[in-house]
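Student: I'm new to this structure and would like a close look at one single part. Could you pick a pair of strands, walk me through it, and then place it in the wider picture?

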Amino acid sequence: MARWGMVIDLDKCTGCQACSTACQMENNRLPGENYQDVLYYTEGKQPTPVLKWFPRPCMHCEEPSCMHVCPTKATFKTEDGVVLIDWNKCIGCKYCMIACPYGVRFYTDEKPLVEPNIKDVYPGEGDLSWNPPYKGPQQDNAHGVGIQPHGVVSKCTFCYHKISKAPKGIADLSNDDAANREFVPACVRTCAPTARYFGDLDNPKSNVSRLISDKRGVRLLDHTGNKPQVYYLSGGAGPAVPSGRGGANKA
Amino acid sequence: MNILKNILEFKISRRRFLQASGTIGAAGAAGFGGSKLDGFTTLSKAHAAAESPSSGTVVTKSICAQCPARCGIDVYTTNGRVHAIYGNNDHPIANGKLCPKGHLGTYMLYDADRFKGPMKRTNPNKGRNEDPKFVPIPWDEAFKMVADRLNVLRDKGESHRFGLFFGRGWGASDVGVNIVPFGKLYGSPNAPIGHSSICSDGSVLAKQCTDGNASYSSYDYAHANCLFIFGANYLEAFRPYNNNMQQWGYMRGVKTPKTRIIAVDVHMNQMLSASDRAMIIKPGTDGALALAVAHVILTEGLWEKSFVGNFKDGMNHFKTGEKLEESSFNEKWVKGLIQWWNTELKDRTPKWAESVTTLPADLITTAAREFGSTRPAIALFERGAHTHSNGVLNGMAIHSLNALVGSLFAEGGLAYQMGPAYGQAPAKDDDFMDDYAKNGPHTKMPRIDLKGHEDGYLMAKNMIQEVGRNHLAGKPYKLDTALFYMTNPVFSTANAAKEWEEAVKSMFVIDTSPFPSEIAMMADLILPDNTYLERYQDAPTYPFQGFPLAQLRVPAVKPVYDTRTFADVLIQIGSRIKGPTGDYFKKLESAENIVRHLAKGFADNPGDNGVKDFDSWKAKGCWFKKPYHWRQVRGEFFEWDGNGWNKPMKPEEVKEKLLKTDSGKFEFVSSYMEHKKDWILKATGRSAEKYNMPHWEEPKYTGGGDLHFVTPKTAMHAEGRTANIPHAIALFQPAAGGNKQAVAEVHPSVASAKGFKNGDRIRIKSSVGEIIAIARVTELARPDTIVLPFEHGHWAWGRWAKGRGSHVDEILVQQSDRISGMQNFYTGKVTVERA
């Protein structure tokens with residue numbers, strides 16, 4: 001069974017946010033509630049200010065603190081390594097949102113970021129919190145896919161409705177692979193500079209494993225022990241932010 | 001707000017309600033309340049649906065419409081509903097990828113604020129606070145209303161008082177119908193008038209004046225080892241944005257050696273941040289930087305001898321401040337180098353440029369050496385460099401760098417764009433010219449914008465920004481009827497509130513956008529277009545990589561509302577014009593018929609992807625035929641012979657096909673400008689010695705304040721609609737905007753001097769007006785410059801745009817480059833205070 005993971009090459013990311021909009025449309029996101037966010041930072045002073053950005057999806061941790069704190073076991077890890085929420089079990093207590101060190105979970109019934117409230121323009125029916133006309137055909141509450149019902153937390157699913165249909169044993173899911181294109185997560189598929197890669201971290205022959213090895217992939221806030229399955233590449237040189245991988249720490 | 005609400009909640013007739021295809025029409029018409037929407041499943045049912053999400057999904061190959069690049073898109077439709085858009089993998093620009101705007105097309109199709117059908121105004125008073133009181137009318141009645149009006153004008157010999165204004169479209173082709181014949185047959189010099197003078201004509205003229213090609217360039221980034229980017233935000237706004245980013249990933253993460261990037265802009269943005277060398281320049285002074293770079297390239301002997309030529313004795317005699325004998329240099333593919341040096345360049349040192357640009361001289365020297373010693377290299381520029389009074393001069397100086405390093409038509413350099421092998425249109429306009437069309441009063445009339453006129457802009461391509469003031473003054477005359485397609489000059493031209501906005505009050509205005517806008521608020525008739533996911537339309541590519549590429553827009557769904565493709569609307573109006581004009585348009589039949597005829601040209605020229613007729617074009621979404629046919633290799637030109645660039649070209653062939661100047665060379669001293677010498681000297685006040693060569697001229701800053709005011713395009717500028725797309729609003733980027741709001745970047749020193757802080761409301765004033773903005777106090781901005789993106793501050797764009805951001809054009813002074821006619825968007829100066 002694959003253990004899905006993502007590699008993001010920070011040397012190639014242009015901070016364009018196509019990952020965010022592709023995800024918004026694919027996963028019916030509310031404005032500003034981005035499963036795939038890009039964060040921007042400024043430092044320094046004129047005439048040499050620094051502008052930086054950081055693309056941040058859910059890390060789909062090996063040891064997800066969100067899962068461990070969930071009182072109803074709504075958050076769970078699939079056997080192929082993806083952290084999901086079963087909306088049928090979620091009681092919306094938001095404990096997971098506090099436990100997540102990466103800030104990548106969203107509660108349904110927050111005040112809208114952008115007014116007028118889009119949920120009033122496209123009101124939902126029954127349990128659904130809203131109902132955009134461009135909604136995709138998939139709705140799978142047990143895996144947290146589709147439109148959020150009222151009163152639950154939602155998060156990036158690695159486009160579980162896509163990747164879960166990929167052929168078993170495949171090493172990588174890439175837009176370059178015409179036969180398996182439809183199984184690639186939206187953000188990875190659309191990334192124009194090809195800064196995002198998606199594949200099986202447990203397969204040492206996968207492209208994601210090779211990239212992590214060649215360019216010394218690092219994980220965000222590794223000290224928390226969450227062990228993200230999202231790796232970042234930066235610089236490509238030997239010196240890098242120290243980071244443990246798979247239990248092995250110091251060389 | 002109530003007025004806008006009235007427009008948006010436009011009452012739909014029962015007939016139209018039934019026409020509106022399926023469920024989405026119902027959602028729109030019924031105001032989204034209560035009614036059950038077919039196609040949506042309940043939660044319990046959805047579990048079953050998830051088993052086979054792709055069953056019944058249709059993928060339509062079409063093209064995007066959110067910037068001029070026209071990326072190929074795969075539109076995913078299930079149960080008649082579009083739910084996803086991805087890049088078309090078989091399209092050379094998209095390659096399966098999209099920019100952030102591309103995905104939002106899904107939203108735009110179902111935008112709750114769309115117009116639902118044709119409407120006419122019943123309130124004769126026009127103004128921001130006047131409810132137009134639109135009422136629905138049938139399409140036939142609308143067509144008749146327009147045609148009757150135009151027929152009366154023609155009968156009176158006043159057909160020139162009809163204007164057709166358009167935004168997107170080059171060669172007026174990707175409108176879906178060639179709109180030039182309308183004016184030609186009906187008889188108006190003002191049909192059409194394009195928007196290029198508020199777009200990017202400065203670069204077109206800079207290239208026309210130097211290498212003879214009135215065009216944007218094609219670029220071979222994949223083989224370039226150095227890019228020097230002036231005021232073209234390659235990673236946010238420059239087209240084709242999607243492909244630029246693909247090239248970026250390749251140049252920066254794959255290619256060996258990694259491409260060196262030097263970037264120039266007026267604030268720290270994503271482009272500068274991602275580059276190797278960021279140059280945060282004083283607005284309007286890019287030309288001075290380019291002149292200093294040229295100075296270094298010459299004095300340090302870095303120019304490409306095989307293209308430019310060399311001193312006869314093989315030594316480098318370029319020494320700062322020293323004049324040279326013209327006979328001492330053998331020029332190869334350039335003309336006027338020594339004259340340019342003696343008259344201008346010899347004193348344009350980095351130290352001099354520092355005093356103009358504020359960039360440190362050592363940084364300029366270093367950048368010049370990097371650019372001058374790395375081949376192939378491209379000097380690329382756009383609006384940031386040329387939307388100033390000295391814009392064409394700046395552009396000529398920058399483009400001259402391409403000549404100095406020999407990158408014109410070279411591998412890893414820049415060239416121009418070939419057109420597609422189209423078939424004949426269904427009718428030929430020349431066959432439908434009646435006596436009026438040939439000799440009517442309109443043939444002696446200047447255009448309303450005085451383009452090409454001695455009193456106006458003799459060398460410009462369009463002057464849409466001055467139509468408002470000319471109409472108000474009645475000089476040269478007043479328009480009677482104006483039709484708008486994908487342009488909103490009431491909002492997007494300088495001093496818009498006092499010129500265009502006033503002018504349209506005394507015109508019969510027809511707007512054709514599917515969406516509400518300022519021009520629609522002033523309209524007498526709304527004839528809403530289909531959105532780009534609902535219509536047929538062809539688009540020869542915008543200059544890309546030179547090889548011909550023709551893209552096809554194919555409807556993914558039937559029109560959601562009672563809207564019609566603009567091309568079909570124009571054909572319907574044209575068909576109702578009396579005489580042969582009507583016959584011509586009847587023969588065109590429809591937008592679909594036109595693209596079917598165009599596709600016939602592919603039979604003899606099948607594309608690389610096998611496209612040979614309409615059906616295969618529709619199936620693939622594009623026709624293309626690589627490669628670009630010409631290449632310059634170390635100072636020799638070759639033509640493609642079917643196998644390679646093997647056929648050497650004679651100088652006269654180079655002149656005819658590539659360097660289209662009088663001399664057949666790249667001209668540092670422009671013969672094109674020399675032909676207009678008297679007019680240029682009079683209109684610009686420039687010296688007879690320098691007027692036709694790249695030289696430094698201080699920009700004429702307008703507005704009278706103490707801070708520069710620059711209004712860039714953002715990465716999220718989806719042909720203007722972004723301002724009303726809530727998802728995009730939530731993603732405004734920090735370098736030119738902010739979360740939920742387009743904000744004004746102001747340096748902390750300004751904020752502290754004026755007593756405001758981050759997030760405060762500020763008042764920005766120029767000599768023509770004032771606007772309120774939200775301050776973002778940041779070190780990204782220069783201490784002498786305020787940066788506030790255009791596109792925002794709409795007053796009739798839809799429910800989300802209303803009152804969000806600031807309308808920058810209200811405080812921009814109406815001033816244009818005398819040569820290109822390019823509106824000086826970035827030349828403003830303002831004062832700022834706490835509001």
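Tutor: Let's start with strand β2 of chain B, residues 72-78, which is joined to β3(B) by six bridges, the two strands running antiparallel. Please keep in mind that this is a predicted model. Within the pair, Asp74(B) has Tyr86(B) of β3(B) standing opposite. Two residues lie between the strands of this hairpin, and there Asn79(B) adopts a positive phi near 55°.

Now follow β3(B) itself, which covers residues 81-87. Seven of its seven residues are buried, so the strand is largely enclosed by the rest of the structure. As for the chain around it, buried residues account for 62% of the 835 residues in chain B.

β3(B) also has a part in the meeting of the two chains. In total, 64 residues of chain B are in contact with 57 residues of chain A. β3 is one of the elements that give two or more residues to the side of chain B touching chain A, and others include α3 (22-29), α4 (43-49) and α9 (241-253). The largest share of that side, seven residues, is from α9(B). Sorted by class, the side holds 36 nonpolar, 21 polar and seven charged residues.

Stepping back, chain B has 31 helices and 31 strands. Its radius of gyration is 27 Å, close to the 28 Å given by the globule rule for 835 residues, so chain B is as compact as a globular protein of that length. The C-alpha trace of chain B spans about 85 × 70 × 65 Å along its principal axes.

Note on methods:
Residues numbered from 1 in each chain as written. Chains lettered and ligands numbered in written order. Predicted model: local features only at pLDDT ≥ 70, side-chain atom pairs only at ≥ 80, totals over all residues. Helix = DSSP H or I, 4+ residues; strand = E, 2+ residues; numbered from the N terminus. Rg over C-alpha atoms; globule rule 2.2 N^0.38 Å. Buried ≥ 20, exposed ≤ 12 C-beta atoms within 10 Å, placed from the backbone. Pairing = 2+ DSSP bridges. Contact = placed C-beta atoms within 7 Å. Nonpolar A, V, L, I, M, F, W, Y, C, P; charged D, E, K, R; others polar.
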